[in-house]
Amino acid sequence: MKTSHPSLTEAERPHALRRAAAEFLGTGLLVTVVVGSGIAAQRLSPDDVGLQLLENSLTTALGLTVLILMLGPVSGAHFNPVVTVADWLLGRSIGTGLPLRDVAPYVLAQIFGGIAGTLLAGVMFDTGPAFSSNDRVTGGHLVGEVVATAGLVLLIFALARTGKGSATAAAVGAYIGAAYWFTSSTSFANPAVTIARMFTDTFAGIAPSSVAPFIAAQLVGAAIGLALLLALYPTAARTAGDVVVPQQLETQP
């Protein structure tokens, strides 16, 4: 069994600023991928919304996989406040998972990184920042967010518990790509990404009035995902520190 990162000494773990920077960069690039590919899809396939969604989902799945592989050894590649909070909640009783002192830096880095990613995508495609007019709140969409987030949390922590960490990047990318299609909400499943996407009035945008209900649904989904995890894997807390992928020890070559 791998040792989860919270039991390491501070000298062995990547510096807190490096980890926060990795979360900022990773979440920012993830949102750049989502928003940028959405704008490109709109322009390349203006008359086919289904094709736009296919282009957007495939690009997101591939981009997320690459980002997890690239930055996971530094911060764990959470890129998502619900994953960060779930990591802390799951492991807090036995000293695994993310330390409480790291939760706020991670979440703030994710939120501001996501907003920066939206702005970067707009610069690349000559699209100025603007609040989205895409109202996404319906009962079905909120249920879709609950389902998408619950599945994501269950997947990530189950892979850590079963020692399948090497498959996590591909599995998470595949899940998000699939969830674009099998959920009515197109699987935001991430409060930081949800907040960031309200600053673009393009294919990937979400109206500011839809943000709070989406985040509430995501939190409900995260709670359900954790409940399912503990029902299926009662000892999952032991490996909370290995999500999304284990951090690289500073003392390793």
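## The segment after α8 and its cis peptide

Valine 244 belongs to the segment that follows α8, where helices are DSSP runs of H or I with at least four residues, numbered from the N terminus. This valine is joined to valine 243 by a cis peptide bond, with omega at about -15 degrees. Most peptide bonds are trans, and most residues other than glycine have a negative phi.

The model is predicted, so that local features need pLDDT of at least 70 and side-chain atom pairs count only at pLDDT 80 or more, while totals for chains, interfaces and linings use all residues. Residues are numbered from 1 along each chain as its sequence is written, and side-chain values use heavy atoms, with hydrogens and water left out.

## Two residues with positive phi

Aspartate 126 is not a glycine, yet its phi is positive, at about 55 degrees. Aspartate 126 sits in the loop between α4 and α5, and with a relative accessible area of 73% this aspartate is exposed; in this report buried means under 20% relative accessible area, exposed means over 50%, and partly exposed lies in between (1.4 Å probe, protein chains only).

Serine 187, likewise not a glycine, has a positive phi of about 55 degrees. Serine 187 is placed in the loop between α6 and α7 (191–196), and its relative accessible area of 4% makes this serine buried.

## A salt bridge between α1 and α4

The structure holds 1 salt bridge, the term standing for a side-chain nitrogen of Lys or Arg within 4 Å of a carboxyl oxygen of Asp or Glu. The partners are aspartate 102 and arginine 19, whose side chains meet at 2.7 Å, N to O. This pair links distant parts of the chain, since aspartate 102 is in helix α4 and arginine 19 is in helix α1, 83 residues apart.

Both ends of the bridge have a computed accessibility: aspartate 102 is buried at a relative accessible area of 6%, and arginine 19 is buried at 1%. Side chains of opposite charge can pair when their charged atoms come close.

## A nonpolar patch on the surface

Helices α1 (16–44) and α4 (100–124) each supply at least two residues of a nonpolar patch. The patch covers about 390 Å² of surface and is made by Phe24, Leu25, Leu108 and Phe112. Patches consist of residues with over 30% relative accessible area and no salt bridge, like charges being joined within 9 Å and nonpolar side chains (Val, Leu, Ile, Met, Phe, Trp, Tyr) within 5 Å; the accessible areas come from the Shrake-Rupley method with a 1.4 Å probe, and for residues only the protein chains shown count as cover.

Among the members of the patch, phenylalanine 24 has its place in helix α1, and its relative accessibility of 37% counts as partly exposed.

## Helix packing

Two packed helices are described by the angle between their axes and the distance between the axes. Helix α5 (residues 139–161) packs with helix α6 (residues 168–182) at an angle of about 165 degrees, the axes lying 11 Å apart; axes are lines fitted to C-alpha atoms, for helices over the stretch in contact, and angles run from 0 to 180 degrees between N-to-C directions. α5 and α6 are therefore roughly antiparallel to each other, given that angles under 35 degrees count as roughly parallel, over 145 as roughly antiparallel, 65 to 115 as roughly perpendicular and the rest as oblique. The crossing of α5 and α6 is right-handed, meaning that the near helix is turned clockwise from the far one by less than a right angle, whereas an anticlockwise turn would be left-handed.

Helix α3 (residues 81–91) and helix α8 (residues 208–232) pack at about 40 degrees, with their axes 11 Å apart, and are therefore oblique to each other. The passage of α3 across α8 is a right-handed crossing.

## Positions in α5 and the loops

Threonine 149 lies in helix α5 and is buried, with a relative accessible area of 0%. Threonine 149 and aspartate 126 are 23 residues apart in sequence, and their C-alpha atoms are 32 Å apart in space.

Alanine 167 is in the loop between α5 and α6, where its relative accessibility of 32% counts as partly exposed. Alanine 204, in the loop between α7 and α8, is buried at a relative accessible area of 0%. The C-alpha atoms of alanine 204 and serine 132 are separated by 8.8 Å, although these residues are 72 apart along the chain.
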